[in-house]
Amino acid sequence: MKYMFSFAAICALLCLSTVTRAQDDTDKSKRPSPPASATKTIGDLTIKIDYSQPSLKGRVIGKDVEPMPGEVWRTGANEATTFEVSRDVKINGKDLPKGKYALFSILNGKEWTIIFNKTWNQWGAYKYKESDDALRVKVYNSQLNTPAEKLAFDIDDKGTVSLMWGDKRFILDVK
């Protein structure tokens, strides 16, 4: 009888901890890299970026924290960052159809390759497939005078999208 009670108590604790953990997973604001977004409407165009916002916490980009040189990065943390446009646009002069995309990037020294991938609903870059790319553009890395502790995106009134992370910055021109 004692063993049966102990077994039942252990099962109850396991079930309770599973329910508690599931509830924690649904509250994304409590993650170490919480969700953030940037949205801008310019005329009939809406640009929306949803991402998770990692912090440097004393770590060095390319050594302790992503992006690692030459590797595909989800351009944020947790789920892949999404980039959505409400109509067909040009990104740095190249066509991108209306839709929602995963935003990946590759940092190579002074140059970034920015990738708009059709498979937007994925975790990180683990299932990234180059064959699903809708567009790739090259942009230059510029240095920030004041490092950004948290990764952040900004969209200005002209459709310029900026990423700031550590001392790094890239800019996309959306028309």
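The following legends describe close-up views of a predicted model.

In this predicted model, local features need pLDDT of at least 70 and side-chain atom pairs count only at pLDDT 80 or more, while totals for chains, interfaces and linings use all residues. Residues are numbered from 1 along each chain as its sequence is written, and side-chain values use heavy atoms, with hydrogens and water left out.

**View 1. The open sheet of six strands.** The strands (DSSP runs of E, at least two residues, numbered from the N terminus) follow the order 1-2-3-6-7-8 with antiparallel pairing; two strands pair if DSSP finds at least two bridges between them. At the edges lie strand 1 (35-42) and strand 8 (133-140), each pairing on one side only.

**View 2. Strands 1 and 2.** Strand 1 and strand 2 (residues 45-52) run antiparallel and are joined by eight bridges. Thr39 stands opposite Lys48 of strand 2. Strands of a sheet pair through backbone hydrogen bonds.

**View 3. The surroundings of Tyr101 in strand 6.** Strand 6 covers residues 99-108. Tyr101 counts as buried because its relative accessibility is 6%, where buried means under 20% relative accessible area, exposed over 50%, and partly exposed in between (1.4 Å probe, protein chains only). Among the residues that Tyr101 touches, not counting those up to four places away in sequence, are Phe83, Phe116, Trp120 and Ala134; contact means heavy atoms within 4.5 Å. Tyr101 and Phe83 are 18 residues apart in sequence, yet their C-alpha atoms are 5.2 Å apart.

**View 4. Residues 13-24.** The chain has a mean pLDDT (the predictor's confidence in each residue, from 0 to 100) of 87. Over residues 13-24 the pLDDT is below 50, and this stretch has zero contacts beyond near neighbours in sequence.

Conventions
Helices (H or I, at least four residues) and strands (E, at least two) are DSSP runs, numbered from the N terminus.
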